[in-house]
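Colleague: Before I rely on a model at the bench, I would like to learn how to read its features one at a time. Could you take me through them?

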Amino acid sequence: MPTSGLALLLRKDNEVFDLARRGRRLPNILMAILAIFMIIVVSFVPFAVATDVIYGNEDALVEIWGGAFYLIAPFLLSIVSLGLWVRGYERRPFSTVGLEAQSRLKKYLVGLAIGFLMLAATIGMRALAGTVEFDPSADRPIGVGVVVGVMLMLAGFLVQGGAEEILWRGWLVQVLGARYVPWIGLLASSLLFAGLHGSTSIVANLNLVLFAAFLAFYYLYEGSIWGAMGWHATWNWAQASFFGITLSGAFETEHSLMNLRPTGSPLLSGGDFGPEASLFCTAVFLMGLVILALLSKRSAGRTR
């Protein structure tokens, strides 16, 4: 069964968890959750205050950077904050949170490609079902003339996607899996991640859990967070800046190459939340998990 392949990735002797055990301390689940919220507060609150004090009007930043500034600065702070925690409290190199790997660039580029292709598959199924259409009446510029803004957003999403993967999968899945059992790390990280990104849509919440679980298994399969970082970045960027779709029901960019809007049943289109609330997205994530399960079984067979 494919699911047994995923179980292989949740073995306690997975190298990902061994890296966490290099440190002198492993936080318990309560401490780890508090650390997550502390990092979020430390990263975002000072940034918001400084922005308001320096600029007074945040519209000035948006005109210069679009939404990229809000993706780069606070998420860089979150990486620094986590690094201080790992070095200061756990007493281990920051690179051990999934950043130790050969072929980093190759894994990252492959992750970028897979993330884009999985989103394109979701959009393609919506198009075939007639639940998405091009909207030429968008109130924002679209097309090749906005390529500079689109590339700025790519830089922003590279930072944002990478930071979230390092925090939620690279670190949280790892430390809780090493302290307890791997499925505790997977479950706690996935539920917390989905809760903070949550929606009133049942399908959206299910897909957020699948999103987190897929990336956790991707991380455990590769033994590295680089592929998941690339996947997350291009998944978000393609929604907001390539296809011009609302991202997770909250984020819309100032520039996009296209402008698509949902039509028909929200169960298939995703509605105002975006494709992550679509049953087509559910199918894509489930297929991704099946592929990871099959790959892990094949990999295990080679090492016997």
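Modeller: We will go through a pocket, a helix, some salt bridges and two backbone angles, bearing in mind throughout that this is a predicted model.

Colleague: Let us begin with empty space; how much of it lies in the largest pocket, and which residues are closest to its centre?

Modeller: Rolling a probe the size of a water molecule over the atoms shows where empty space is left. Here the largest pocket holds about 600 Å³ of space, and of the 24 residues that line it, Phe44, Phe75, Gln160, Glu164 and His197 are the closest to its centre. Several helices give two or more residues to this lining, among them helix 3 (29-55), helix 5 (68-90) and helix 7 (147-179), and the largest share, six residues, comes from helix 7.

Colleague: How many of the lining residues are nonpolar, polar and charged?

Modeller: The lining of the largest pocket is made up of 16 nonpolar residues, six polar ones and two charged ones.

Colleague: Helix 5 came up in that lining, so what span should its 23 residues have, and how far apart are its end C-alpha atoms?

Modeller: At 1.5 Å a residue, one expects helix 5 to span 33 Å, and the distance between its end C-alpha atoms is 32 Å, which agrees with that expectation.

Colleague: And which residues of helix 5 are buried?

Modeller: An α-helix has 3.6 residues a turn, so residues three or four places apart point the same way. In helix 5 the buried residues include Ala68, Leu71, Phe75, Ser78 and Leu82, and further along Trp85, Val86 and Glu90 are also buried. Phe75 is therefore a residue to look at twice, being buried in helix 5 and also one of those closest to the centre of the largest pocket.

Colleague: Turning to charges, how many salt bridges does the structure hold, and what do they join?

Modeller: Side chains of opposite charge can pair when their charged atoms come close. The structure holds six salt bridges, and one of them is between the side chains of Arg21 and Asp18, at 2.8 Å from N to O. Arg21 is partly exposed at 33% relative accessibility, and Asp18 is partly exposed at 38%.

Another salt bridge, at 3.3 Å from N to O, pairs Arg22 with Glu100. Because Arg22 lies in the loop between helix 2 (15-20) and helix 3, and Glu100 in the loop between helix 5 and helix 6 (104-128), this pair ties together parts that are 78 residues apart in sequence. Arg22 is exposed, with a relative accessible area of 52%, whereas Glu100 is partly exposed at 27%.

Colleague: Where in the chain do Arg261 and Glu133 lie?

Modeller: Their side chains meet in a salt bridge of 2.3 Å, N to O, and the pair links distant parts of the chain, with Arg261 in strand 2 (residues 260-262) and Glu133 in strand 1 (residues 132-134), 128 residues apart. Arg261 is partly exposed at 37%, and so is Glu133 at 32%.

Colleague: Finally, what is the phi of Arg91, and what is that of Ser103?

Modeller: Arg91, which comes just after helix 5, has a positive phi near 60°, in a residue other than glycine. Ser103 has a positive phi near 55°. Arg91 is found in the loop between helix 5 and helix 6, and Ser103 lies in the loop between helix 5 and helix 6 as well. Arg91 counts as partly exposed at 42% relative accessibility, and Ser103 is partly exposed at 46%.

Terms used
Residues numbered from 1 in each chain as written. Predicted model: local features only at pLDDT ≥ 70, side-chain atom pairs only at ≥ 80, totals over all residues. Heavy atoms only, no water. 1 Å grid on protein atoms, 1.4 Å probe; cavity = no way out; pocket = protein on both sides within 12 Å on 5 of 7 lines; lining within 4 Å. Points joined across faces, edges and corners; volume = space filled by probe spheres on them. Helix = DSSP H or I, 4+ residues; strand = E, 2+ residues; numbered from the N terminus. Nonpolar A, V, L, I, M, F, W, Y, C, P; charged D, E, K, R; others polar. Expected span 1.5 Å × (residues − 1). Buried < 20%, exposed > 50% of the residue type's maximum accessible area, 1.4 Å probe, protein only. Salt bridge = Lys/Arg side-chain N within 4 Å of Asp/Glu carboxyl O.
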